[in-house]
Amino acid sequence: MLFLRFLVRLIRYGATDGQTARPGVSHIDSTEDESRKKLLQAMLDGACGLVQAFHVMNRRGLWLTRDDAGKFCRGFDIFAASYSFLALKLHEQGLCRFHLEPSLHLLKHMSLRVKTLLNKEGCKRILSPACFLCESSEDFVGRVARLTRRCSARATCSRTVQRYLIKVLADWRDLDA
């Protein structure tokens, strides 16, 4: 997400480090080549679409309103269309800069699933696809793994749960202090 936000800022406002001829000027406006303008616009659209979709998915909670679900779908659809456009245009130029990722396919399926639910009448709330993401769980796994490595192999499961509960209790008591 940090890279995408940087890319949006760079394309919209140009470099601000004094290294370019016209800092603060959009890269799209500063180029004369029409095909390059289209590529930069597609990059900008795709990055903005993905930022919008992840913003909805990560900030709106477990249940999305119909409006938020629509924003989510539009964001991913814009990203998928931009990515496909860029892959095609650069392939036509003989450049291998974009290859179609399996995750792009997954993102499109998430969008289609949410659209299917949006088309059902009476569906007021839609389960956010964020509930299936694992990046927050990976942090949890790392914490538990640290506790598990300090347990005997014979009683790993029970000792890990006990150690985790002791840690939670200690953290809880620290909140009261």
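Which residue takes a positive phi just after α3? In this predicted model, that residue is Gly61, whose phi is about 85°. The legends below begin with the whole protein and then turn to single views.

**Figure 1. Overview of the protein, a predicted model with seven helices and two strands.** Read from the N terminus on, the elements follow one another in the order α-α-α-β-α-α-β-α-α. The protein has 177 residues, of which 30% count as buried. Among the contacts with a separation of 6 or more, 58% are accounted for by residues 24 or more positions apart.

**Figure 2. Helices α3 and α4, with the glycines that come just after them.** Helix α3, which covers residues 34–59, has 26 residues and reaches 37 Å from its first C-alpha to its last, a span close to the 38 Å expected at 1.5 Å a residue. Helix α4, which covers residues 66–92, has 27 residues and reaches 39 Å between its first and last C-alpha, close to the 39 Å expected at 1.5 Å a residue. Just after α4, Gly94 takes a positive phi of about 80°, while Gly61, just after α3, has a positive phi of about 85°.

**Figure 3. The crossing of α3 and α4.** The axes of these two helices come within 7 Å and cross at roughly 150°. Because angles over 145 degrees count as roughly antiparallel, α3 and α4 are described as roughly antiparallel to each other. The crossing in which α3 passes α4 is left-handed. Sorted by class, the contact of α3 with α4 has 15 nonpolar, five polar and five charged residues.

**Figure 4. The packing of helix α1 with α3.** Helix α1, made of residues 2–13, packs with α3 at an angle of about 140°, and the axes are 9 Å apart. Here too the crossing is left-handed, with α1 passing α3. From α1, the contact is made by Leu4, Arg5, Leu7, Val8, Ile11 and Arg12, and from α3 by Leu40, Met43, Leu44, Ala47, Cys48, Leu50 and Val51. By class, the contact of α1 with α3 has eleven nonpolar, no polar and two charged residues.

**Figure 5. A view of Cys48 in helix α3.** With a relative accessible area of 23%, Cys48 is partly exposed. Once its neighbours within four places in sequence are left aside, Cys48 is in contact with Val8 and Arg12, and both of these belong to the α1 side of the contact with α3. Another residue of α1 in that contact is Leu4, and the C-alpha atoms of Cys48 and Leu4, which are 44 residues apart along the chain, are separated by 7.8 Å.

**Figure 6. A view of Leu62 in the loop between α3 and β1.** Leu62 counts as partly exposed, at 45% relative accessibility. Not counting residues up to four places away in sequence, Leu62 touches Ile126, Leu127, Ser128 and Cys131. One of these, Leu127, is 65 residues apart from Leu62 in sequence and 6.0 Å apart in space, C-alpha to C-alpha.

**Figure 7. A view of Thr160 in helix α7.** The helix that holds Thr160 covers residues 156–176. Thr160 is buried, because its relative accessible area is 9% and buried means under 20%. With its neighbours within four places in sequence left aside, Thr160 is in contact with Val144, Thr148 and Cys151.

Notes: Residues numbered from 1 in each chain as written. Predicted model: local features only at pLDDT ≥ 70, side-chain atom pairs only at ≥ 80, totals over all residues. Heavy atoms only, no water. Axes fitted to C-alpha atoms, helices over the stretch in contact; angles between N-to-C directions. Helix = DSSP H or I, 4+ residues; strand = E, 2+ residues; numbered from the N terminus. Parallel < 35°, antiparallel > 145°, perpendicular 65-115°, else oblique. Left-handed = near helix turned anticlockwise from the far one by under 90°. Nonpolar A, V, L, I, M, F, W, Y, C, P; charged D, E, K, R; others polar. Contact = heavy atoms within 4.5 Å. Expected span 1.5 Å × (residues − 1). Buried < 20%, exposed > 50% of the residue type's maximum accessible area, 1.4 Å probe, protein only.
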